[in-house]
Amino acid sequence: MPTDPSEGWDALAERFMRMRSGVGASLVRDWAIAQLPAGSAIVDVGCGSGVPIAEALIGAGFVVSGIDASPRLVAAFHARFPDAPVACEAAQFSAFFGRTFDAAVCVGLIFLLSEADQAAIMGRVAQALKPGGRFLFTAPLQACEWPDTLTGRLSRSLGQTAYTALLKVHGLSFVASHSDVGGNHYYEAIRPRDPEPHTRQSTSHG
């Protein structure tokens with residue numbers, strides 16, 4: 001467990017909330033409406049204060065739970081959405097409330113973490129998705145590294161080829177890419193439904 005599970009974001013929580021735009025909210029909302037039954041349970045991984053992603057999903061009638069490692073951001077989430085469960089913990093170590101969800105969204109988090117922690121989140125999400133469940137997360141299409149604007153810490157995208165392979169390792173299938181008005185790239189994956197058990201045919205010998 002890192003000394004600061006929030007990777008520097010808790011100290012910058014107030015500034016981050018002031019700066020966070022609404023970019024991405026309409027894409028995530030429209031994606032959820034198109035892909036999921038009404039009222040589906042969605043976990044927002046790296047939910048922050050809940051604005052704008054959880055806010056858009058709750059407004060569309062989905063049942064949202066949040067996970068974030070910043071106590072300040074989690075407090076803001078709880079104040080805004082008191083009926084929505086929220087856990088203050090690092091997603092790569094989270095038990096995801098000990099339950100399963102119809103979908104998971106992870107906007108603006110994965111590329112902030114080490115390659116090992118990115119892989120750990122994939123595994124946690126895969127375990128938390130119901131068969132047929134969807135996963136939508138953001139990271140650049142290409143493999144690259146850059147300093148985060150707010151924390152100064154290194155951000156890294158593993159790139160589409162690596163993410164596709166990593167998803168497969170954890171039993172998820174990459175199915176589509178999306179881009180929002182801000183040029184952010186989204187990966188969509190699905191946990192395949194469990195195959196129907198084959199009916200055994202018995203043979204008799206006369």
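The following exercises concern backbone geometry and the largest pocket of a predicted model.

Local features require pLDDT of at least 70 and side-chain atom pairs pLDDT 80 or more, while totals for chains, interfaces and linings use all residues. Residues are numbered from 1 along each chain as its sequence is written.

**Exercise 1.** Determine which configuration the peptide bond from valine 51 to proline 52 has, and locate proline 52.

*Solution.* Step 1: omega is near 10°, and the bond is cis. Step 2: helices (H or I, at least four residues) and strands (E, at least two) are DSSP runs, numbered from the N terminus. Proline 52 lies in the loop between strand 1 (41-45) and helix 3 (53-59).

**Exercise 2.** Establish whether phenylalanine 96 is buried or exposed, and state its phi.

*Solution.* Step 1: phi is positive, about 50°, although phenylalanine 96 is not a glycine. Step 2: this residue belongs to the loop between strand 3 (86-88) and strand 4 (101-106). Step 3: buried means under 20% relative accessible area, exposed over 50%, and partly exposed in between (1.4 Å probe, protein chains only). Phenylalanine 96 is buried because its relative accessible area is 2%.

**Exercise 3.** Repeat the analysis for phenylalanine 97.

*Solution.* Step 1: phi of phenylalanine 97 is positive, near 65°. Step 2: phenylalanine 97 is in the loop between strand 3 and strand 4. Step 3: with a relative accessible area of 32%, phenylalanine 97 is partly exposed.

**Exercise 4.** State where the peptide bond and the two positive phi values are found.

*Solution.* Proline 52 is in a loop; phenylalanine 96 and phenylalanine 97 are in the loop between strand 3 and strand 4.

Notes
Side-chain values use heavy atoms; hydrogens and water are left out.
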